[in-house]
Amino acid sequence: MDSIAEQINSVRAHIPADVTLVCVSKFQPIEAIRQAYEAGERHFGESRVQELKMKSTQLPSDIYWHFIGHLQTNKVRDLLKLRPYLIQSVDSEHLLCAINEEAAKLGIVQDVLLEVHVAREETKTGFSPEEITNIFPSLNRYSHIRCRGLMTMATNTDDETEIRRCFMEAKAILSTFNFQLSTLSMGMSDDYRIAIDCGSNMVRIGSAIFGARNYN
């Protein structure tokens with residue numbers, strides 16, 4: 001099996017310099033993350049607050065931690081205390097309000113992405129395209145949140161046409177804001193090349209770097 005460093009080199013060969021690689025480290029052991037760090041990676045993605053807390057205390061302080069999982073409002077305070085670099089999975093106004101309220105108490109401004117639902121799957125979460133358009137003019141009332149852009153996931157399918165449709169729709173939504181939003185996080189291990197081709201400037205890659213996850 002290739003080493004993590006070799007896997008990273010293989011992935012990076014297909015990622016332009018202006019696209020941020022987030023190594024999805026959820027459910028991966030500390031040693032695997034450390035190997036990726038020693039290979040030069042600094043952006044890592046976690047999906048559970050308790051796991052992020054544990055890992056952030058054992059790994060170098062210059063790591064940029066991205067929260068990429070579904071975030072419950074009762075976990076917001078604990079997450080913000082960890083000072084994540086970016087919360088990518090803001091999927092409701094209720095969650096926006098909770099993050100803004102807790103960030104105000106901590107005296108910080110939290111960077112976030114709004115998750116937009118463009119996939120043809122009911123199981124995926126996020127704002128509809130219409131909701132994103134409607135909420136954008138009111139984002140400035142969240143004084144302790146800085147919205148940097150959008151995050152999305154494509155439909156879980158082998159149909160490249162459908163995957164490309166999802167990504168192009170997210171890109172079109174972002175473009176309507178005249179670059180007031182700059183980050184478009186889309187693309188994972190199986191579809192990141194398509195995502196980049198459709199305008200992604202941040203990809204979230206796990207299994208192509210670390211191999212299969214151990215959910216135990």
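**View 1. G45 of strand β2 stands opposite H66 in strand β3.** The model is predicted: local features need pLDDT of at least 70, side-chain atom pairs count only at pLDDT 80 or more, and totals for chains, interfaces and linings use all residues. Residues are numbered from 1 along each chain as its sequence is written, and side-chain values use heavy atoms, with hydrogens and water left out. β2 and β3 pair in the parallel sense, over 4 bridges. Two strands pair if DSSP finds at least two bridges between them. Strands (E, at least two residues) and helices (H or I, at least four) are DSSP runs, numbered from the N terminus. β2, helix α3 (residues 49–58) and β3 form a right-handed β-α-β unit. Right-handed means that, with the strands pointing away from the viewer, the path from the first strand over the helix to the second runs clockwise.

**View 2. Strand β2 has buried residues pointing both ways.** H43 and G45 point one way, F44 and E46 the other. All are buried, that is, under 20% relative accessible area; over 50% is exposed, and partly exposed lies in between (1.4 Å probe, protein chains only).

**View 3. Strand β1 (residues 20–24) is largely enclosed by the rest of the structure.** The reason is burial: 4 of its 5 residues are buried. β1 runs parallel to strand β8 (residues 202–205), and 4 bridges join them. Here C23 stands opposite I205. β1 also pairs with β2 (residues 43–46), in the parallel sense over 2 bridges. In β2, F44 is the bridge partner of C23, and G45 is that of V24.

**View 4. Helix α2 (residues 30–38) joins β1 and β2 in a right-handed β-α-β unit.** The buried residues of α2 are I30, A32, I33, A36 and Y37. They cover an arc of only 165° around the axis, so they lie on the same side of α2. The arc is that of the directions from the helix axis to the C-beta atoms. An α-helix has 3.6 residues a turn, so residues three or four places apart point the same way. The buried residues of α2 pack against α1 (4–12), β2, α3 and α9 (207–210). Contact means heavy atoms within 4.5 Å.

**View 5. R42 lies over the face of Y37.** The distance from the ring centre is 3.6 Å. A charge sits over a ring if NZ of Lys or CZ of Arg is within 6 Å of the ring centre and within 35 degrees of the ring normal. G40, just after α2, takes a positive phi of about 110°.

**View 6. The structure holds 3 aromatic pairs; one of them is F44 with W65.** The two ring centres are 6.1 Å apart and the planes meet at 45°, so this pair is tilted. F44 lies in β2 and W65 in β3 (residues 64–67), so the pair ties together parts that are 21 residues apart in sequence. Both residues, F44 and W65, are buried. Rings of Phe, Tyr and Trp (its six-membered ring) pair if their centres lie within 6.5 Å; planes under 30 degrees apart count as stacked, over 60 as edge-to-face and the rest as tilted.

**View 7. D191 sits in the loop between β7 (183–185) and α8 (192–197).** D191 is buried, with a relative accessible area of 11%. Leaving aside neighbours within four places in sequence, D191 is in contact with A154, I163 and F167. The C-alpha atoms of D191 and I205 are separated by 9.6 Å, and the two residues are 14 residues apart along the chain.
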